[in-house]
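Trainee: I would like to go through this model one question at a time. Please give the reasoning before each answer.

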Amino acid sequence: MTDICSLTLTALTGALQNKELSAVEAATACLERIAATEPRLAALLTVDREGALATATALDKEGPDPSRPLWGVPMTIKDALSTKGLRTTAGSRILENYVPFYDAAAVERLRAAGAVILGKANLDEFAMGSSTENSAYQTTRNPWNTDKVPGGSSGGSAASVSAGQCFASLGTDTGGSIRQPAALCGCVGLKPTYGRVSRYGLIAYGSSLDQIGPLARTVEDCARVLDVIAGHDQRDATSAPRPAEDYAAALQSRPLKGARLGLPKEFYGQGLDPEVRDACETALRTAEAQGATLVDVSLPHTDAAIATYYIIAMAEASSNLARFDGVRYGRRAAPINNLEELYVRSRSQGFGQEVKRRIMLGAYVLSSGYYDAYYRKAAQVRRCIRDDYLAALEQCDVLLAPVSPVTAWNLGSHSGDPLQMYLMDAYTLSLNLAGLPGLSLPVGLGAASRMPVGVQLIGKAFAESELLALGHSLTQALPPLGTPAL
């Protein structure tokens, strides 16, 4: 069973379709792996053993179906995505007992494609964090070193993939929350273009920033999941009305030879850890050896990106989380004497410290007298940041940059300093402001820390096929990262 968990998603789908493995065998192997690793990892908030085996048994009775590209593939889902009949908490006490009556659009498409949902992955509460230490329930650990963070907010998803608990996972990326944990845990993570994947059924944090995407072990595995979840959804007003592409089929369409890779000088300056820089240099030299050309580019408004992002994200969080008031669903404080007390006590008991901080800051920047000084100005700078990316991408095919300024840090080392934690997203959050796609790739281990290092490829809007193809070529040319000795 352990050998099954070491397969890639692509290899597993071949074995399942050829009847070399059954769906029940694949699900059982993952459930056994979860049982063996969860006490140390705490990657999952809910494990649906009975539901997963029931789904796998039903699939085996029907037999392999080539028209269902993820037939029998065990996956996990970040607990910010609604799953029908399966508890969905967003990592918060305010939704501790919430069981949705519907699936998120991306989950619907996974089920229709034959995927087996094993359970729900841990996250920073309402996806607000960079280390998965802000969950109301448990702290997830990095499979490469359980004294380290897995990144966040999709840390549970990244850890479950890296540890072999599943073959892929869905995460969400508001300011780097797919790419950063993928980099810190040594797997592949894709933030699609805003609007490429429906947000219907996603518990919102920042509605103009959030995007759902896959985490997996290889670029090809990510492409296969994106093939399923991408596409227009009329239930989501921000879903792009354009057809999805065959991303897996396009992997061989764009070799590195002849590609122009832009290097944003602002991402390679002060603050980049030496071992991260060294691993990135190895990736750059590898790309050059494969025939790529490196081009220096600039993103002049990078210094303003962190402030811009947090003003916009916190403002949107304040608005989105106003619905959790103890009246309609979620935690309801008792006993209470009046409506105001219901609001205050329900929200005070249900929300964690980081969520409260962001709600308060968001309410402040939206308040009368401060809206123009903060939110309106941030929206204007956001346009400048997007224009910087578009201008840089006119000079090259894709940008190549580090994902995180450091490798995974020790648990608790930044939890008392929120400003230091916010800086961990310095290389990722500007892409969400621009709404462009980014692909995180593992490129090696830090020389001193022996922890994974990732780089991100950044492309033009809806250019996921090109990103995935170039990422596939680069990872094929690099030595394999290996697997954590968990």
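Trainee: Is Ser153 buried or exposed?

Mentor: This is a predicted model, and the accessibility is computed from it. A residue counts as buried under 20% relative accessible area. The relative accessibility of Ser153 is 0%, so Ser153 is buried.

Trainee: Which two elements flank the loop that holds Ser153?

Mentor: Ser153 is not part of a helix or strand but sits in a loop. That loop runs between β3 (116-121) and α6 (155-162).

Trainee: Which residues does UniProt give as "active site"?

Mentor: The annotation comes from an unreviewed UniProt entry. The positions listed there span 100 residues in sequence, yet no two of their C-alpha atoms are more than 11.0 Å apart, so they gather at one spot. The residues are Lys78, Ser153 and Ser177.

Trainee: Which of these residues is included in the lining of the largest cavity?

Mentor: The candidates are the "active site" positions from the UniProt record, Lys78, Ser153 and Ser177. Of these, the cavity lining includes Ser177.

Trainee: What is the distance of the polar contact between the side chains of Ser153 and Lys78?

Mentor: Leaving out residues up to four places away in sequence, Ser153 touches several residues, including Lys78, Asn122, Asp124, Thr132 and Ser177. With Lys78, the side chains form a polar contact, and its distance is 2.7 Å.

Trainee: Which backbone atom does the side chain of Ser177 reach at 3.0 Å?

Mentor: Ser177 lies in the loop between β4 (168-172) and α7 (179-185). With 6% relative accessibility, Ser177 counts as buried. Beyond four places in sequence, the contacts of Ser177 include Lys78, Gly152, Ser153 and Thr172. The atom reached by the Ser177 side chain is the backbone nitrogen of Ser153.

Trainee: How many residues does helix α10 give to the largest nonpolar core?

Mentor: The largest nonpolar core has 142 residues, and those with the most contacts inside it are Leu110, Phe126, Tyr389 and Leu468. Helix α10, residues 305-320, gives the most to this core. Its contribution is 9 residues.

Trainee: From which domains does this core draw at least three residues each?

Mentor: One domain is made of two segments, 1-301 and 374-485, and the other covers 307-366. The core draws at least three residues from each, that is, from domain 1 and domain 2.

Trainee: How many residues are in the other core that lies apart from it?

Mentor: Among the members of that other core are Val149, Leu184, Val403 and Met451. The count is 11 residues.

Trainee: Which elements are included in what covers the buried residues of α5?

Mentor: The buried residues in α5 are Ala105, Ala106, Val107 and Leu110. Leu110 is also one of the residues with the most contacts inside the largest core. The cover over these buried residues includes β2, β3, β4, β6 (212-216) and α8 (219-229).

Trainee: Which residue with positive phi follows α5?

Mentor: Its phi is near 95 degrees. The residue is Gly114.

Trainee: What separates the C-alpha atoms of Tyr98 and Gly85?

Mentor: Tyr98 is in the loop between β2 (74-78) and α5 (105-112). Not counting residues up to four places away in sequence, Tyr98 touches Arg87 and Thr88. Tyr98 and Gly85 are 13 residues apart along the chain, and their C-alpha atoms are separated by 9.5 Å.

Terms used:
Residues are numbered from 1 along each chain as its sequence is written. This is a predicted model: local features need pLDDT of at least 70, side-chain atom pairs count only at pLDDT 80 or more; totals for chains, interfaces and linings use all residues. Side-chain values use heavy atoms; hydrogens and water are left out. UniProt positions are given in the numbering used here, feature names are shortened, and annotations may be inferred rather than shown by experiment. On a 1 Å grid over the protein atoms alone, a cavity is a set of points where a 1.4 Å probe fits but cannot get out, and a pocket is an open set with protein on both sides within 12 Å along at least five of seven lines; lining residues have an atom within 4 Å of a point. Helices (H or I, at least four residues) and strands (E, at least two) are DSSP runs, numbered from the N terminus. Buried means under 20% relative accessible area, exposed over 50%, partly exposed in between (1.4 Å probe, protein chains only). Contact means heavy atoms within 4.5 Å. A polar contact is a pair of N or O atoms within 3.5 Å; within protein, one must be able to donate a hydrogen and the other to accept it, and residues adjacent in sequence count only if both atoms are side-chain atoms. A nonpolar core is a set of buried Ala, Val, Leu, Ile, Met, Phe, Trp, Tyr and Cys residues joined through side-chain atoms within 4.5 Å. Domain bounds come from an automatic or database domain assignment.
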